[in-house]
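Dear colleague,

I am passing on the structure we spoke about, and below it you will find my notes on what was found. Please read them with the coordinates open beside you.

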Amino acid sequence: THVEMATVPLGFNIDAPRWDQSTFVGRLKHFFNITDPRTVLVPEAELDRAKALVESCRAGLVPPGSTQEQLLYAKKLYDSAFHPDSSEKMNLIGRMSFQVPGGMALTGCMLQFYRTVPAVVFWQWVNQSFNAIVNYTNRNAASPISLRQIGVAYVTATGTALATAVGLNLYTKRAPPLLARWVPFAAVAAANCVNIPMMRQQELINGITVTDGDNNELGYSRRAAVKGIAQVVVSRITMAAPGMIILPIIMERLEKFPFMQRIRVLHGPLQVLFCGGFLLFMVPAACALFPQRCSLALADLEPELRDSIVAKHGDKVPYVYFNKGL
């Protein structure tokens, strides 16, 4: 049956950011919106409806009676669940909206079970498996990666995390107790420095698509890939830092109280809850550190790409733009 469609409200662009993406506060509001953990509970059918609504809105048609609020909510669901490059639905575990529930459980367990080597090995392995899924899901989708490369990236990152964690764990046996509690963070930070570049190695080898200000493709740049990936590494380490550095200090103090010694069984769940509190703010804050649509000055590009842009466009393109991934 033919469904009547209304035109989009005048001057409304569903892809225009609701908040100024050139400022940290604007980006923070944007990521609070799309990393909202409640969107994880939205049924698949509703996500598909949101995608259909966003796509019809882009085409200039929306179902009659649709309010701007409904369109903005559909865009929120679309941004939380579909990849910005490929528009494919992302797996649930890899979505940024799953970072709070997934991250709080894993971080809480890593901070709670840090005393024995088998526990350290197990939780670091689980955490790196989770990270590998997140990094693969949020890569720049224009750069395909083979299963072999994914396997090598996963094994290397897990190996780095385990070597760091077990090595430091043995080293801190003679150190103050608080230092031992910081070992999981050191392992996570070291693994991020390996996991993300390895999982996105295709971008470093072949470069990523760069565009002009109007989204016209200009070519592929490896230097753009290096900048984007470096920013993502910094963001991910920042995301984990407050919870994994401050929470051990809090727990170290709390565990001296008699009531805390009586409820040892609740220490794990308590750490998980605390981690959730930190991540609820830190996931959007870390994502907002750098603009999603990253820029690079023409002068900083590879000479051959720079020359080809200048030959075609003269001095009309002072900066190139690309999606840095998350």
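The buried residues of H3 pack against helix H1 (24-34), helix H2 (44-58) and strand E2 (61-62), in what is, please bear in mind, a predicted model. Those buried residues are Leu-71, Leu-72, Ala-74, Lys-75, Lys-76, Leu-77, Tyr-78, Ser-80 and Ala-81, and you will notice that two lysines, Lys-75 and Lys-76, stand in that list. As for its length, helix H3 covers residues 68-81, and its 14 residues should span 20 Å at 1.5 Å a residue, which agrees with the 20 Å between its end C-alpha atoms.

Tyr-78 leads on to the aromatic rings, for which the structure holds seven pairs. The rings of Tyr-78 and Phe-82 have centres 5.2 Å apart and planes at 20 degrees, so this pair counts as stacked, and both partners are buried, Tyr-78 with a relative accessible area of 4% and Phe-82 with one of 3%. The pair formed by Phe-257 and Phe-259 is tilted, because the ring planes stand at 35 degrees, with the centres 6.0 Å apart; here Phe-257 is partly exposed at 43% relative accessibility, and Phe-259 is likewise partly exposed, at 42%. Elsewhere, ring pairs link Phe-113, Phe-122, Trp-123 and Trp-125 into a cluster. A charged group also meets a ring, since Arg-293 lies over the face of Tyr-321, at 4.5 Å from the ring centre.

Two valines deserve a look together. Val-317 lies in the loop between helix H13 (303-313) and strand E6 (319-323), and at 7% relative accessibility this loop residue counts as buried. Leaving aside neighbours within four places in sequence, Val-317 is in contact with Asp-212, Leu-218, Leu-298 and Ile-309. Val-320 has its place in strand E6 and is buried at 0% relative accessibility. With residues up to four places away in sequence not counted, Val-320 touches Val-210, Thr-211, Leu-218, Cys-294, Ser-295, Leu-296, Leu-301 and Ile-309, so that Leu-218 and Ile-309 appear among the contacts of both valines. For a sense of distance, Val-317 and Pro-118 are 199 residues apart in sequence and 55 Å apart in space, C-alpha to C-alpha, while Val-320 and Val-134 are 186 residues apart in sequence and 27 Å apart in space on the C-alpha atoms.

What became of the cysteines? The structure holds zero disulfides. In the case of Cys-287, the closest cysteine sulfur, in Cys-294, is 14 Å away, which is too far for a bond when the cut-off is 2.5 Å. Cys-287 is buried, with a relative accessible area of 4%, and Cys-57 counts as buried as well, at 6% relative accessibility.

Finally, a word on the record: an unreviewed UniProt entry lists residues 151-171, 228-251 and 272-291 under "transmembrane region". In the model, residues 228-251 are 100% helix and 0% strand, with the end C-alpha atoms 35 Å apart. Over residues 272-291 the chain is 80% helix and 0% strand, and the end C-alpha atoms lie 30 Å apart.

With best wishes

Conventions: Residues are numbered from 1 along each chain as its sequence is written. This is a predicted model: local features need pLDDT of at least 70, side-chain atom pairs count only at pLDDT 80 or more; totals for chains, interfaces and linings use all residues. Side-chain values use heavy atoms; hydrogens and water are left out. Buried means under 20% relative accessible area, exposed over 50%, partly exposed in between (1.4 Å probe, protein chains only). Rings of Phe, Tyr and Trp (its six-membered ring) pair if their centres lie within 6.5 Å; planes under 30 degrees apart count as stacked, over 60 as edge-to-face and the rest as tilted. A charge sits over a ring if NZ of Lys or CZ of Arg is within 6 Å of the ring centre and within 35 degrees of the ring normal. Helices (H or I, at least four residues) and strands (E, at least two) are DSSP runs, numbered from the N terminus. The expected span of a helix is 1.5 Å times one less than its number of residues. Contact means heavy atoms within 4.5 Å. UniProt positions are given in the numbering used here, feature names are shortened, and annotations may be inferred rather than shown by experiment.
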